[in-house]
Amino acid sequence: MKTKIFAPLPGNDQTCGWTQGLPLRPTNASLQGEQVGDFVIVGAGYTGLSAARKFAQLNPNAKVIIIEAQRAGEGASARNSGYLVDSTLNDGHMSDTGLQQYREKYRLNKAGVDCVRELVNHHQIDCDWDESGKFHATAVPAHEAKLQRFSDLLQELELEHRVLSGDQLYQRLGTHYYTQALWTAGGIMLQPAKLARAYIDILPANVTLYENSPVLTWQKQGPDFLVSTPMGQVKAPALLMAVNGFMSSAGLKRKRAFPLTLTASMTRPLSDAEYAAIGNPKAWGLLSAQAMGATVRLTEDRRIMVRNTAEVWPAMNMSQSQLVKRKRVHQRGLKRRFPQLDASVFDSCWSGVTCVSGNNGQVFDQLDSKLLVAGCYNGGGIGLATLFGEQMAYMASGQMTDAIAMIQARPKPTPLPPQPILSWGVRLRLMRDAIIARKEN
C-alpha cells in the first residue's frame with residue numbers, strides 16, 4: 001500500500017464552552033520511539049475510545065494503542081450540541097418503502113441511544129443526563145406543515161410526541177419566537193465533553209493513549225500497519241481510522257464523505273434576574289424544522305447555546321478572529337429569541353468539524369485485511385459513534401453481531417462529485433438553505 005500523508009491536521013481552538021468549565025485533566029504523554037501493539041486506533045473521540053474499550057475487554061491480553069492528534073475527547077466529540085436522539089426530523093415519506101426505511105433508521109439510532117445509556121448507567125457517568133426529550137420548532141408558519149408531516153410519521157410508528165404552540169410553547173421555552181414545535185420523547189440532552197472525558201476514564205488497563213501526537217503518515221508494511229507521528233511510530237496488524245470529519249485528510253472515503261465546519265456560542269450561567277426574565281423554564285434542546293436553522297439549548301445550569309452556522313472551510317478549524325465574526329451571528333440569533341437578554345452574556349465561541357454524506361449514509365467498512373474505518377454520522381455522532389466504535393471492536397476481533405448486521409444493512413454513502421465541483425455544490429446548497437432558513441436563525 002502506498003504511504004498516505006495525513007493533511008490537513010486537526011487544530012482545535014481552546015474556547016469550547018463545554019470543556020472550559022471542566023477541571024483540568026492531566027495530559028497523557030505523546031508517542032515517542034517505536035511501539036508495537038495488537039490494535040492501533042487513530043482518533044480519540046467517541047468512536048476511537050469506544051472501540052479501544054470494547055476491543056480491550058474482548059481481548060484482555062492484547063495491547064491496544066490510541067493515537068490522538070491533540071487532547072483526547074476534545075475534538076468533535078466535545079464540541080457537538082449534546083443531543084442523543086433516536087427519531088430525526090423527516091418530511092413524511094409515507095410510502096411503504098419510505099416508512100420502512102425510516103423505521104430502520106430509527107432502530108439504528110435507538111441502538112446507539114441504548115448503547116450510551118448502558119455505559120452511563122453501568123459506570124455511573126456524570127454527564128448531565130436529561131431524558132426530557134427534544135423539540136423541533138419553526139418560527140415560520142409556512143414550515144408548520146413539515147412538522148405536521150413529521151407528526152403523522154411518528155404517529156404511524158407509535159412514537160410518543162406532541163405538538164405545542166401559543167402560550168403552551170412560550171411557557172415551556174421562555175420565548176415567543178417560535179410559532180410551533182413538535183416534542184418527541186426519545187431525545188436525551190447531555191454535556192458532551194463530560195461524556196467524552198468519562199470514556200477516557202473507563203479505558204481498561206491494556207489500553208495506552210497517546211495525546212498531542214498527530215499522525216503524519218500511515219501505510220501497510222507487510223502484514224502490519226505502520227503509523228508515524230512527529231516523534232514516534234506504531235506497528236500493529238490491525239488499524240482503525242476513527243477520525244470522522246478528517247477521513248479525507250487520511251486519504252479515505254474522499255468520494256463518499258464530506259467535512260463541514262460548524263460554530264456555536266454559549267452564554268455564561270444566567271443570573272436569577274435574567275432567568276426570571278425568560279420565565280424560569282426547565283432545560284430544553286431545540287432543533288430547527290428547516291435545514292440551516294438554528295440549534296438552541298437551555299442547559300440545566302442556565303446557559304444558552306446557539307449554533308446556526310455550517311460552512312465549507314478548507315482549513316477545517318477557525319481562528320479567534322474568524323470565530324468573533326460567527327459569534328456576532330449567534331448573538332443576533334439570541335436577541336431574536338430573548339430580546340430581554342444582553343448579547344454580552346455569551347462568554348465562549350468555538351468551531352468543530354462534522355462529517356456528512358450525500359444520502360445520510362454512514363461509513364462502517366473494512367477496506368483491507370484489518371484496515372477499518374468508521375464515521376460520517378450526519379449529525380448523530382454521540383449514539384452512532386459509540387455504537388459503531390464498539391461494533392468495530394467486534395469486527396476487529398473476528399466476531400459477528402446482530403448490531404453489525406443491522407449497520408451493514410443500512411444504505412452506504414453514495415458517490416460524491418469530484419473536487420472542486422463538490423465544494424462548489426455544497427457551498428451553493430448551504431447558501432440556498434441559509435436563505436430559506438433566514439427567519440429560523
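**Working through the contacts**

Arg268 is partly exposed, with a relative accessible area of 31% (buried is under 20%, exposed over 50%, partly exposed in between, with a 1.4 Å probe and protein chains only). The model is predicted, so local features need pLDDT of at least 70 and side-chain atom pairs pLDDT 80 or more, while totals for chains, interfaces and linings use all residues. Residues are numbered from 1 along each chain as its sequence is written, and side-chain values use heavy atoms, leaving out hydrogens and water.

**Exercise 1: the partner of Arg268**

Find the residue that forms a salt bridge with Arg268, and give the closest N–O distance.

*Solution.* Step one: check Lys or Arg side-chain nitrogens within 4 Å of a carboxyl oxygen of Asp or Glu, as that is what a salt bridge means here. Step two: Arg268 finds Glu274, with the closest N and O atoms 2.8 Å apart. Step three: look at the cover. Glu274 has a relative accessible area of 17%, so Glu274 counts as buried, whereas Arg268 is partly exposed. Step four: look for bridges that share partners, and you get one network made of Lys110, Asp114, Arg117 and Glu131.

**Exercise 2: bridges across the chain**

How many salt bridges does the rule give, and which parts of the chain do Glu390 and Lys194 tie to their partners?

*Solution.* Start with the count: 18 salt bridges. Now take Glu390, which bridges to Arg53 with the closest N and O atoms 3.0 Å apart. Glu390 sits in helix H10 (residues 381-396) and Arg53 in helix H2, so to speak opposite ends of a link between distant parts of the chain, 337 residues apart. Helices here are DSSP runs (H or I, at least four residues) and strands are E runs of at least two, numbered from the N terminus. Both Glu390 and Arg53 are buried.

Next comes Lys194, whose bridge to Asp126 has its closest N and O atoms 3.9 Å apart. Lys194 belongs to helix H7 (residues 192-201) and Asp126 to the loop between helix H4 (96-123) and strand E6 (134-138), so this pair ties together parts 68 residues apart in sequence. Finish with accessibility: Lys194 is partly exposed at 22%, and Asp126 is exposed at 54%.

**Exercise 3: ring geometry**

Classify the pairs Phe39 and Phe55 and Tyr177 and Tyr178 as stacked, tilted or edge-to-face.

*Solution.* Two numbers do the job: the distance of the centres and the angle of the planes. Rings of Phe, Tyr and Trp (its six-membered ring) pair if their centres lie within 6.5 Å; planes under 30 degrees apart are stacked, over 60 edge-to-face, and the rest tilted. The whole structure holds five aromatic pairs. For Phe39 and Phe55, we have 4.5 Å centre to centre and 45 degrees between the planes, hence tilted. This pair links distant parts of the chain, 16 residues apart: Phe39 in strand E3 (residues 39-42) and Phe55 in helix H2 (residues 46-58). Phe39 and Phe55 are both buried.

The Tyr177 and Tyr178 rings have centres 5.3 Å apart and planes at 85 degrees, so that pair is edge-to-face. Tyr177 and Tyr178 are buried too. One more item for your notes: Phe364, Tyr377 and Phe388 form one aromatic cluster.

**Exercise 4: backbone oddities**

Locate the cis peptide bond at Pro8 and the one at Pro420, then place the non-glycine residues Gln124 and Met292, which have positive phi.

*Solution.* Omega first. The bond from Ala7 to Pro8 is cis, with omega near -5 degrees, and Pro8 lies in the loop between strand E1 (4-5) and helix H1 (17-20). Gln419 and Pro420 are joined by a cis bond with omega about 5 degrees; Pro420 is in the loop between helix H11 (402-409) and helix H12 (421-436).

Now phi. Gln124, with phi about 50 degrees, is in the loop between H4 and E6 and is exposed at 66% relative accessible area. Met292, with phi about 75 degrees, is in the loop between strand E16 (284-288) and strand E17 (295-298), but is buried at 18%.
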